[in-house]
Amino acid sequence: MNARSLRARVTLLATGLVALVSLLLLWLTWNLVGDAVSAVPQLPPGTTVRVDGVDVDASAVTEHLRVYARNRVLLFGAVAFCFVVLAAGILAWTFTARVLRPLREITGTARRLSIESMGERIGEVRTKDELAELAETFDDMLDRLQAAFDAQRHFVANASHELRTPLAVIRTELDVTLADEHADEAELRRMAGVVRDATERAERLVGSLLLLARTDGAGLVAREPVDLAVIVASAWRAVRADAEKRGIRTEFATPGAATFGDPALLERIAGNLLENAVRHNVDGGWLDVVTQAGPQWSVLRVRSSGGLLDPAAVPELFEPFRRAGVARTARTGAGLGLSIVRAAVQAHGGMVSAEPVVGGGLSVTVHLPALP
C-alpha cells in the first residue's frame with residue numbers, strides 16, 4: 001500500500017467518522033427540539049393563534065410548533081451537515097498530505113537506492129512525530145548498509161591484491177625460466193622453490209579468508225570447556241622454533257583459566273596472537289604471555305617488543321589486511337591475524353583490545369566469558 005492509497009483511506013475514514021458524529025448530533029437535536037416544544041403550556045380550546053402567518057387553533061399549536069421546529073432543524077442541519085462533511089474531507093486530505101510527506105520521501109528514496117547510489121538520504125523532515133523518527137531510523141540503516149558495502153568492497157579489493165601478488169610471482173618465475181633455453185637443473189630448482197613459497201602464501205591467505213568468513217557472523221560449531229593455559233601451550237609449540245631462532249626472550253605466567261567455546265577457534269586466537277608477537281618482534285626481543293581466571297572473565301594477554309606504533313592507529317590493526325608497522329604488500333603475512341582474533345572473540349561473546357607498548361611493541365588483551 002503506497003502513500004497515496006493510505007492518504008485516501010485516512011481521508012475516507014476521517015470523513016466517515018465526522019459524518020457519523022454529525023448525523024448523531026442532528027438526530028439528538030431533532031429529538032431535543034421536539035421534546036422542548038412539547039413542554040409548551042396548553043392554551044384554552046377555541047382560541048386562535050397566528051404561527052408564522054398561519055392561524056392555528058390553540059389546541060393544535062403545540063403539535064404545529066413541534067413539526068415546524070423539527071423541519072427547520074432538519075433543513076439547517078442538513079446544510080450544516082454537508083458543509084461539515086465537506087470541510088472534514090478537505091482538511092483530512094490536506095493534513096494527511098502533510099503528515100505522509102516523509103513517508104513518500106522514504107518510499108521514493110528506497111526506490112532510487114542501489115549499490116551505486118547508497119549515499120542518498122532522506123534527511124531532516126519538518127515534522128517531529130513517528131514518521132520523522134522512521135525517516136531517521138531509515139537513514140541510520142542506510143548508513144550501516146553503506147558502511148558494510150564499503151567494507152566489503154575494500155575487503156574484496158585487498159583480498160584480490162593479496163592473491164594477485166603470489167600469482168604474479170609464479171607467472172613471472174615461470175615466464176623467465178621458460179624463456180631461458182639454457183636453464184639448468186639448479187635454475188629449475190630455484191624456480192620451483194619460489195613457486196612453492198608463493199603457492200604456500202596463497203594457500204595460507206585462502207585459509208585465513210575461509211576462517212575469517214567462518215567466524216565473522218557465524219555461530220560456534222562446538223561448545224565445551226576449554227583451559228586457556230592448555231591452548232596457549234599448544235599454540236606456542238607451533239612458533240617456538242621461530243622465536244628461539246630469533247633469540248626472543250619469553251616469559252609465561254599461565255595458570256589455569258577456564259572458558260567455554262570452540263576449542264579450534266580458541267586455539268586459533270592464541271595461535272594468531274603468538275604468531276604476530278613473534279613475526280612482528282625484533283631480533284633479541286621479548287615476549288610475555290599471561291592468563292588469568294576471574295569470576296566473570298578469563299583473560300589472555302600477549303605483550304611483545306617490536307616497532308613503535310601510533311596509538312591512534314592501533315585500533316586499525318583489527319581491520320583486514322592491516323599489519324603492525326609493515327607495508328600491506330609485505331610478505332610477512334596476510335594481515336588477517338588480528339581480524340580473525342576479533343571475529344573469533346566476538347563469536348564467543350568476549351572482548352579484545354590492544355595498546356602500544358612503551359618503547360615499541362604491542363599488547364593485546366582478550367576477555368572471554370569464564371566457565372560458570
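Here are some notes on the salt bridges and one nonpolar surface patch in this predicted model.

1. **Overall count.** The charged pairs are a good place to start. The model holds 8 salt bridges. Side chains of opposite charge can pair when their charged atoms come close. The next points go through several of these contacts.

2. **A pair within one helix.** Glu-244 and Arg-240 join through their side chains in a salt bridge, with an N to O distance of 2.9 Å. Both residues belong to helix α6, which covers residues 228–245. They sit 4 residues apart, or about one turn of the helix. Glu-244 has a relative accessible area of 51%, so it falls in the exposed class, for which the cut-off is over 50%. Arg-240, at 45%, is partly exposed.

3. **A pair across the chain.** Just past that helix you may like to look at Arg-246, which makes a salt bridge with Asp-283; their closest N and O atoms are 2.9 Å apart. This contact links distant parts of the chain, as the two residues are 37 residues apart. Arg-246 lies in the loop between α6 and β4 (249–253), while Asp-283 lies in the loop between α7 (263–279) and β6 (286–293). Their accessibility is worth checking too: Arg-246 is partly exposed at 25% relative accessibility, whereas Asp-283 is exposed at 61%.

4. **Arg-268 with Glu-275.** Here the closest N and O atoms of the salt bridge are 2.8 Å apart. Arg-268 has a relative accessible area of 27% and is partly exposed. Glu-275 is partly exposed as well, with a value of 25%. Neither residue is classed as buried, because that label needs a relative accessible area under 20%.

5. **A linked group.** Which residues are joined with Glu-187 in a network of salt bridges? The network links Glu-187 with Glu-173 and Arg-190.

6. **A nonpolar patch.** Away from the charged pairs, there is a nonpolar patch of about 710 Å² on the surface. The residues that make this patch are Leu-17, Val-21, Leu-24, Leu-25, Trp-27, Leu-28 and Leu-32. One of them, Leu-28, is found in helix α1, which spans residues 3–38. Leu-28 is partly exposed, with a relative accessible area of 36%. That value meets the accessibility condition for a patch residue, because the cut-off there is over 30%.

Note on methods: Residues are numbered from 1 along each chain as its sequence is written. This is a predicted model: local features need pLDDT of at least 70, side-chain atom pairs count only at pLDDT 80 or more; totals for chains, interfaces and linings use all residues. Side-chain values use heavy atoms; hydrogens and water are left out. A salt bridge is a side-chain nitrogen of Lys or Arg within 4 Å of a carboxyl oxygen of Asp or Glu. Buried means under 20% relative accessible area, exposed over 50%, partly exposed in between (1.4 Å probe, protein chains only). Patches are made of residues with over 30% relative accessible area and no salt bridge: like charges are joined within 9 Å, nonpolar side chains (Val, Leu, Ile, Met, Phe, Trp, Tyr) within 5 Å. Accessible areas come from the Shrake-Rupley method with a 1.4 Å probe; for residues, only the protein chains shown count as cover.
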